[in-house]
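Subject: Handing over a model, with notes on its sheets and helices

Dear colleague,

I am passing on the structure below, and my notes on its strands and helices follow it. Please read them with the model open beside you.

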Amino acid sequence: MKRVGIVGCGGIANVHARALSQMKDVNIAATTDCVSARAEQLSFTFTGGRAEVYSSLTEMLERENLDVIHICTPHNLHVPMAIQGLKSGVAVFCEKPPAISLRQFEELVEVRKETGSRIGFCFQNRYNSSVEKVEEIQNSGTLGEVVGVRAFVTWRRDEEYYKTDWKGMLATEGGGVLINQSIHTLDLVLQILGEPVEVQASINNHHLTGKIQVEDTVEAWMKFSGGKRACFYASNGYAADAPVILECTCERGSITMLDQMVLVCDSKRREQFTFQEPEGIGKNCWGSSHVKCIRDFYEKLESGERFRNDLAGVENTLKTVMKIYDIAKERNEQWKK
């Protein structure tokens with residue numbers, strides 16, 4: 001039985017707790033949040049109040065014999081709290097992003113090497129059935145190699161969304177629509193094409209000018225080995241949380257993913273696959289594969305095998321996010337401040 005502590009008890013923590021409550025041999029033993037009422041509510045909702053409630057991660061780690069902690073805190077706290085967990089000898093499962101700077105990420109890599117403790121990150125969209133179908137078709141070779149990918153994320157996040165003590169603030173969120181809302185889609189692009197050899201990008205604030213410190217829109221052009229390329233666009237200024245669009249142009253056809261639908265086209269066929277995922281446990285736009293991702297992490301802890309979303313598995317995504325920000329800020333004086 002794995003004894004688990006949840007750190008940060010806001011909205012996404014409920015998704016983790018619900019996923020954990022569906023798993024055998026997992027016991028949510030403790031919760032902690034800077035607002036005690038949130039930790040108490042999470043404990044009551046998912047354990048009937050049996051999970052001990054603590055005022056800090058330090059207190060939780062000192063008093064509880066935990067096997068795993070789930071970090072569901074503001075972005076700037078991910079790395080400091082992950083390091084604290086790793087040094088305490090517990091495994092860490094952390095929400096995205098893995099870090100908000102390359103310096104933070106490198107520090108995390110060093111601590112993991114020193115401690116040998118396990119760490120994984122919640123890139124749950126890698127487990128979506130539609131994504132797995134795209135990978136299956138790509139790997140079959142029937143359409144030849146992928147030569148390009150385009151991706152669009154158009155969601156809605158208005159001023160009300162940012163009325164917290166950390167969202168919309170560069171120091172605590174680390175960025176806007178790129179590092180928060182669309183990092184999962186960028187991750188899928190990079191899973192297909194690998195590490196970019198050239199990046200051009202821009203970031204802007206269109207509908208939330210003067211209201212937040214971070215971008216509401218990002219666009220990037222990326223070149224990969226062999227001349228492959230990608231166009232990436234994300235904005236949280238749309239009218240709704242529209243389905244993510246990801247299209248792969250291949251040598252002999254194309255693969256288009258629209259939410260849980262995959263369309264395959266070549267000169268001889270037009271075939272559509274539609275997947276009915278289990279009911280999601282969070283917002284529809286988050287995808288519905290948190291349970292798959294979290295379960296895989298625990299299975300790999302048990303078997304000792306590598307978890308695909310470990311530090312090495314997310315390094316390219318984090319570094320590309322930081323490269324997009326660096327290049328975009330160099331091109332726009334507004335974002336150098």
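In these notes two strands are said to pair if DSSP finds at least two bridges between them, and the elements themselves are DSSP runs numbered from the N terminus, helices being H or I runs of at least four residues and strands E runs of at least two. The model is a predicted one, in which local features need pLDDT of at least 70 and side-chain atom pairs count only at pLDDT 80 or more, while totals for chains, interfaces and linings use all residues. Residues are numbered from 1 along each chain as its sequence is written, and side-chain values use heavy atoms, with hydrogens and water left out.

One open sheet is built from 8 strands with mixed pairing, in the order E8-E9-E10-E7-E11-E12-E13-E14. Strand E8 (198-204) and strand E14 (270-274) each have a single partner strand, so one side of each is left without a neighbour in the sheet. Within this sheet, strand E7 (residues 146-154) and strand E10 (residues 229-235) are joined by 7 bridges in the parallel sense, and Phe152 has Tyr233 in E10 as its bridge partner. Helix H6 (residues 129-140) lies across E7, strand E11 (245-250), strand E12 (253-258), strand E13 (261-265) and E14, where contact means heavy atoms within 4.5 Å.

The other open sheet to report has 6 strands, all pairing parallel, in the order E3-E2-E1-E4-E5-E6. Its edge strands are strand E3 (52-54) and strand E6 (119-121), each of which pairs on one side only. Strand E5 (residues 91-94) runs parallel to E6 and is joined to E6 by 3 bridges, with Val92 and Ile119 as bridge partners.

Finally, there is a helix pair: the axes of helix H5 (residues 102-115) and helix H10 (residues 311-331) come within 10 Å and cross at roughly 165 degrees, the axes being lines fitted to C-alpha atoms over the stretch in contact and the angles running from 0 to 180 degrees between N-to-C directions. H5 and H10 are therefore roughly antiparallel to each other, a term used for angles over 145 degrees. In the contact, Leu102, Phe105, Leu108, Val109 and Arg112 of H5 meet H10 residues Leu311, Val314, Glu315, Leu318, Lys319 and Met322.

Best regards

Terms used:
Angles under 35 degrees count as roughly parallel, over 145 as roughly antiparallel, 65 to 115 as roughly perpendicular and the rest as oblique.
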